[in-house]
Amino acid sequence: MKLKRIVIHGIVKPEVRKLIHDYFSMNTENGIIHFKYSEEEFSSLAERSTFYKEFLAAEYEAIFQVDSCDIDFKAFEWSIFNRDHFYKFIDASYKFCPECVKNYAKTKELLGIKIDGTVGHEVIFSS
């Protein structure tokens, strides 16, 4: 999984834009992706900013490139809205592309068939 871009909805000041980019800033070490700043480090950095309240009110998402859907094995993009969502998605047993999400939902609804484990697209609703 690789960060492709950050989408900011609406108009924000450049300082808020920087905070948003810092929030999602990532490093890869030994093949493991992680945030550049821990939650505590980022909070400490952001809370000192006079733009922190604007950061909290802003709407944004990080678009990630996921290497492979667990059904059709195609790469796909997925939106992550916050770090909690990121960790739940990463830890999910299965990750489906948007097309396979629709097919899985239909199968689950019509036949009542559900796979064991967590599915990445469902984790945002389980919070």
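Trainee: Which residues of α4 are buried?

Mentor: Happy to start there, keeping in mind that this is a predicted model. Buried here means under 20% relative accessible area. In α4, the residues that are buried are Arg 83, His 85, Phe 86 and Phe 89.

Trainee: What arc do they cover around the axis, and where does that put them on α4?

Mentor: Let's look around the helix axis. The four buried residues span an arc of only 155°, which puts them on the same side of α4.

Trainee: Which elements cover the buried residues of α4, and which strands of the sheet does α4 touch?

Mentor: The cover includes α1, β2 (26-29), β3 (32-35) and α2 (39-47), along with β4 and β5. Helix α4 (residues 83-91) packs on the sheet, and its direction makes about 140° with that of β5. The strands that α4 touches are β4 and β5.

Trainee: Which atom does the side-chain oxygen of Asn 82 reach at the start of α4?

Mentor: Good spot to check. The side-chain oxygen of Asn 82 comes to within 3.1 Å of its partner, the backbone nitrogen of Asp 84.

Trainee: What is the strand order of the open sheet, and which strands stand at the edges?

Mentor: The sheet has three strands with antiparallel pairing, in the order β1-β4-β5. Each edge strand has a single partner, so one side of each is left without a neighbour in the sheet; these strands are β1 (2-9) and β5 (76-80).

Trainee: How many bridges join β4 to β5, and what is the bridge partner of Val 66?

Mentor: Strand β4 (residues 59-66) runs antiparallel to β5, and the bridges joining them number five. In β5, the partner of Val 66 is Phe 76.

Methods
Residues are numbered from 1 along each chain as its sequence is written. This is a predicted model: local features need pLDDT of at least 70, side-chain atom pairs count only at pLDDT 80 or more; totals for chains, interfaces and linings use all residues. Side-chain values use heavy atoms; hydrogens and water are left out. Two strands pair if DSSP finds at least two bridges between them. Helices (H or I, at least four residues) and strands (E, at least two) are DSSP runs, numbered from the N terminus. Contact means heavy atoms within 4.5 Å. Axes are lines fitted to C-alpha atoms, for helices over the stretch in contact, and angles run from 0 to 180 degrees between N-to-C directions. Buried means under 20% relative accessible area, exposed over 50%, partly exposed in between (1.4 Å probe, protein chains only). The arc is that of the directions from the helix axis to the C-beta atoms. A polar contact is a pair of N or O atoms within 3.5 Å; within protein, one must be able to donate a hydrogen and the other to accept it, and residues adjacent in sequence count only if both atoms are side-chain atoms.
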